[in-house]
Amino acid sequence: MAVQDEPAGSDFIRDIIKADLDSGKYTPQAVHTRFPPEPNGYLHIGHAKSICLNFNIAAQFGGLCNLRFDDTNPSKEEVEYVESIIRDVRWLGYDWQERMFYASDYFERLYECALGLIRAGKAYVCSLSPDEIRRYRGTFTEPGTNSPYRERSVAENLDLFERMRKGEFPNGAHVLRAKIDMASANLNMRDPVLYRILHESHHRTGEVWCIYPMYDFTHPLSDAFEAITHSICTLEFEDHRPLYDWALENAENLPTRPQQIEFARLNLTYTVMSKRKLLQLVREGHVHGWDDPRMPTISGLRRRGCPPAAIRAFCDRIGVAKKDSTVDVALLEHCVREKLNKTASRYMAVLRPLKVVIENYPADQVEHMQAVNNPEDAASGTRQVPFSREIYIEREDFMEDPPKKFFRLAPGREVRLRYAYFITCTGVIKNESGEVVELRCTYDPATRGGDAPDGRKVKATLHWVSAAHALAAEVRLYDRLFSVEDPDRDGAGESFLDRLNPDSLETLYPCFCEPALGFLDSGQCCQFERMGYFCADPDSTADRPVFNRTVGLRDAWARIQQKGTD
RNA sequence: UGGGGAAUCGUACAACGGCAGUACGCCAGACUCUGGAUCUGGUUAUCCAGGUUCGAAUCCUGGUUCCCCAGCCA
């Protein structure tokens, strides 16, 4: 495994594995898990929970974890998704060495197993229509009815199934079914379909097959083929476990007997997690693609600037249990800040510029101020930031008529420019509509570097950018995609789309950055001092860098303002 | 109203018959050249009703609520 963060905690799944080790059922190196995505969409943070669980468990016990594509439905699956999944799991920091498999690798073996079932009288070809199968299945409270084709002879079943494979029948003409119990209280056991006819090109096997095995048949056998010991999946498959076990018990010549264990999938506040809804957001253009930084997809989080280690830390902290739960997105944001605080270099960038002229500073003078790159990391060193007579500060850092708790610049008030000088506001220039368009200030030459020799204090420190040296950039301010905690909640005639946050993206241009910000690589994260964590977007060009806000800093002033509003 | 699951601070996860704890959030304070970070303190929980026990979140009985299942999806 490529990554090893904090020691993993304990949970009911690890408890089961420990018990299996203690009882001698397995040796530690035999512990074998797998992450089995269907390549029909992009991976999201919910998948990350499963990825971390499976890979970390294997690593913790000294075993292995496979990557396996569950690609048994060619009508929904595409190579684009396969490629994105490989990229995302790697990016998260995990390595499956040579153990990347596809369920489609097993089509021939699965077919042989099906033949074995037929020969043993445990499976039959059913020629009911899909609609008839549904009616014969019965309901929650009424048992099903045996298919009229249930007692076909082995010879006839073999003949029909072979001809299904050869392509002699159209879609839907026949299916292969397990012969279990049409009266079972578990609907999954009422002669479930094992194979269906699908005249469809598969992204890996092409036109070789026109019958495809169902999940319930494929999954347990694939697990067995790969000697998976603990097959971890989500709660909705709990009902399928008897069928999973049935397949393992009745298929011939299986090398091992994996165990299915179910856990609760991740839900996050202020977002949706279902593949269907994420696909809809992309297809209908509510976001700009699968990797839109507002999406909970791995690729979206990556573009947003969220470090993989933060996602891993998050998955570690949310725990694993069987209770349906919705984790507060604030925990994810905390993990992102925690990681970025330690690693992100600091820069100054003014998002909503307000010009300041320092009247007593020489017009042609430029000084280079030494700035600390990261106070949390002494090894990150320092850099020089140019300072001159005309600078930009943040518009929100000035108030003409400040309330009591506002510490920043105001007429007559002195504040510090970070790493530079103390300045005092001496004048306010407005346009004809009364808006403040420029400030006049004076500086105290004795405060160079940001400290007053006489020991006087200021209550605020502002970030700034020299106007003459400023780099104009586009900044994309991202916020939560939905305006309510639970966009999935069913409401009167409303869909989740009605709860999209109209302010989830605000684009700012021009923002003024210190020159060093022109040299960031695409994807690189940094902190804009006092504003938040940002990363360079791939849309950046040489003359117009683009930065995405990953997450803001904790903001005490915003909270004070909020309280004033309440 | 059949079957399968789950109920612990606001949220998530622990406690596995013996002081209900941790993290996030929130509140207050200290410190600070980022109203950041850091530090300190505080806040609030065992679904309900019985029972067993010296002792129950944990075991038993009965209820309640929530989630999943009637694809030739996974």
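A: Before we start on the rings, a working definition: the rings of Phe, Tyr and Trp (its six-membered ring) pair if their centres lie within 6.5 Å. Please also keep in mind that this is a predicted model.

Q: Fine, so which residues do ring pairs link into a cluster?
A: Ring pairs link Phe107, Tyr111, Phe161, Tyr195, Trp209, Tyr212 and Phe217 into a cluster. For the structure as a whole, the search finds 24 aromatic pairs.

Q: What does the pair of phenylalanine 161 and tyrosine 195 look like?
A: Phenylalanine 161 and tyrosine 195 meet edge-to-face, at 5.3 Å centre to centre and with 70° between the planes. Phenylalanine 161 belongs to helix α6 (residues 154–166) and tyrosine 195 to strand β6 (residues 193–197), so the pair ties together parts that are 34 residues apart in sequence.

Q: Is that phenylalanine 161 buried or exposed, and what about tyrosine 195, buried or exposed?
A: Phenylalanine 161 is buried, at a relative accessible area of 0%, and tyrosine 195 is buried as well, at 1%.

Q: Which charged end sits over the ring of tyrosine 111?
A: That is arginine 165, whose charged end sits over the tyrosine 111 ring at 4.5 Å from its centre. Elsewhere, arginine 302 lies over the face of tryptophan 91, and there the distance to the ring centre is 5.3 Å.

Q: Changing topic to cysteines, how many disulfides does the structure hold?
A: The structure holds 0 disulfides.

Q: Why is there no bond for cysteine 306?
A: Its closest cysteine sulfur is in cysteine 525, and because the two sulfurs are 8.4 Å apart, they are too far for a bond, given that a disulfide calls for sulfur atoms within 2.5 Å. Cysteine 306 counts as buried, with 4% relative accessibility.

Q: And which cysteine sulfur is closest to that of cysteine 513?
A: The closest is the sulfur of cysteine 511, at 6.7 Å, which is again too far for a bond. Cysteine 513 also counts as buried, at 0% relative accessibility.

Q: Where does alanine 48 lie, and what does it touch?
A: Alanine 48 lies in helix α2 (residues 45–61), where it is buried with a relative accessible area of 0%. Leaving aside residues up to four places away in sequence, alanine 48 touches Leu92, Ile298, Ile311 and Cys315. As for leucine 67, which is 19 residues from alanine 48 along the chain, the C-alpha atoms of the two are separated by 13 Å.

Q: What about serine 84, buried or exposed?
A: Serine 84 counts as buried, at 0% relative accessibility, and its place is in helix α3 (residues 79–92). With residues up to four places away in sequence left out, serine 84 touches Gly41 and Tyr42.

Q: How many cavities of 30 Å³ or more does the search find?
A: The search of the whole structure finds 3 cavities of 30 Å³ or more, and the largest has a volume of about 300 Å³. Its lining is made up of 21 residues, of which Leu301, Arg304, Val329, Leu332 and Glu333 are the closest to the centre.

Q: Which elements give two or more residues to that lining?
A: Those elements are α10 (298–304), α12 (329–343) and β27 (546–551). Helix α12 gives the most to the lining of the largest cavity, with 4 residues.

Q: Moving to the backbone, which peptide bond is cis?
A: The peptide bond from tyrosine 509 to proline 510 is cis, with omega near -5°, and proline 510 is found in strand β24 (residues 505–513). As background, most peptide bonds are trans, and most residues other than glycine have a negative phi.

Q: What is phi of glutamine 97 near, and where is that residue?
A: Phi of glutamine 97 is near 45°, a positive value in a residue other than glycine. Glutamine 97 sits in the loop between α3 and β3 (100–102), and it is partly exposed, with a relative accessible area of 39%.

Q: And what phi does aspartate 191 have?
A: Aspartate 191 has a positive phi of about 45°, although it is not a glycine. Its place is in the loop between β5 (175–178) and β6, and aspartate 191 counts as buried, because its relative accessibility is 1% and the cut-off for buried is under 20%.

Conventions: Residues numbered from 1 in each chain as written. Chains lettered and ligands numbered in written order. Predicted model: local features only at pLDDT ≥ 70, side-chain atom pairs only at ≥ 80, totals over all residues. Heavy atoms only, no water. Buried < 20%, exposed > 50% of the residue type's maximum accessible area, 1.4 Å probe, protein only. Contact = heavy atoms within 4.5 Å. Phe/Tyr/Trp six-rings, centres within 6.5 Å; stacked < 30°, edge-to-face > 60°. Lys NZ or Arg CZ within 6 Å of the ring centre and 35° of its normal. 1 Å grid on protein atoms, 1.4 Å probe; cavity = no way out; pocket = protein on both sides within 12 Å on 5 of 7 lines; lining within 4 Å. Points joined across faces, edges and corners; volume = space filled by probe spheres on them.
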